Amino acid sequence: MNICVFCASSLTIDKKYIELAATVGTELAKRGHTLVSGGGSISCMGAVTAAARAAGGRTVGVIPQVLVDMEVADEESDELIVTEDMRERKGVMDARSDAFLVLPGGIGTLEELFEIWTARVLGIHERPLVLLDPWGLYDPLKRLVEGMYDEGFTRPDVFDAISWTSTVEEAFAALESRTQPVRPSVAELGEATG
């Protein structure tokens, strides 16, 4: 299975996040999966790819030219795909992935999460989406979306489209065995957007 991991590229975060990314990379490779990442060589992104390769896994990096020019590309990737821009990058990562794992990250990670989550809620895809959050960074996000649901802005199945986990073991169990929800009907889509 090709698992896309969305994670941080920040150089100012606590090392526990980088260690988590490395643990994920090792586990991913041990389970025989291929890593699809944002193609960066720094922070969590670099840690997950280096660990996956060190454990014998295959890595596919997808990175826009602007970041290659900044010399942050993971040149050791088994396959490094250079895109024109960030939008193309996300499209390629999406197309190359069978499942998505979101680690703690910043606004770029949130953007990636929301795009895949929205598409899953709308029934555009049925691939597993798993959020791994051992320290509760995303707790305010969960409360925000619950509040949106309470106010009628999201459909009831918004949380059926994502698995919230707190350990690496839970995350991989969800990625590998998650049952897929039934696609929404046209009437349900109308109710959600009407």
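This is a conversation between a student and a tutor about a predicted model, turning on the words used to describe its parts.

Student: Why is W117 called buried?

Tutor: W117 has a relative accessible area of 3%, and buried means under 20%, so W117 is buried. In helix α5 the buried residues also include T109, L113, I116 and V121.

Student: Why, then, is F159 called partly exposed?

Tutor: The relative accessible area of F159 is 24%, and since partly exposed covers the values between 20% and 50%, F159 is therefore partly exposed.

Student: What makes the pair of W117 and F159 tilted?

Tutor: The centres of the two rings lie 6.0 Å apart, and rings pair if their centres lie within 6.5 Å, so the first condition is met. The planes of W117 and F159 stand at 55°, whereas stacked needs under 30 degrees and edge-to-face over 60, so the pair is tilted. It links distant parts of the chain, with W117 in helix α5 and F159 in the loop between α6 and β7, 42 residues apart. Both rings belong to one aromatic cluster, together with F114 and W164.

Student: What makes the pair of F6 and F100 stacked?

Tutor: For F6 and F100 the centres are 6.0 Å apart and the angle between the planes is 15°; because planes under 30 degrees apart count as stacked, this pair takes that name. F6 sits in strand β1 and F100 in strand β5, 94 residues apart along the chain, and F6 and F100 are both buried.

Student: How do you know that β5 and β6 are paired strands?

Tutor: Two strands pair if there are at least two bridges between them, and three bridges join β5 to β6, so the condition is fulfilled. The two strands run parallel, and one of the bridges can be located in the chain, since L101 has V130 in β6 as its bridge partner.

Student: What makes β4 and β7 the edge strands?

Tutor: Seven strands form an open sheet, in the order β4-β3-β2-β1-β5-β6-β7, and β4 and β7 each pair on one side only. Helix α5 packs on this sheet, where it touches β1, β5, β6 and β7, and its direction makes about 145° with that of β6.

Student: How do you know that the span of α5 is close to the expected one?

Tutor: Helix α5 has 15 residues, and the expected span is 1.5 Å times one less than that number, which gives 21 Å. From its first C-alpha to its last, α5 reaches 20 Å, close to that value.

Key. Residues are numbered from 1 along each chain as its sequence is written. This is a predicted model: local features need pLDDT of at least 70, side-chain atom pairs count only at pLDDT 80 or more; totals for chains, interfaces and linings use all residues. Side-chain values use heavy atoms; hydrogens and water are left out. Helices (H or I, at least four residues) and strands (E, at least two) are DSSP runs, numbered from the N terminus. Buried means under 20% relative accessible area, exposed over 50%, partly exposed in between (1.4 Å probe, protein chains only). Contact means heavy atoms within 4.5 Å. Axes are lines fitted to C-alpha atoms, for helices over the stretch in contact, and angles run from 0 to 180 degrees between N-to-C directions.
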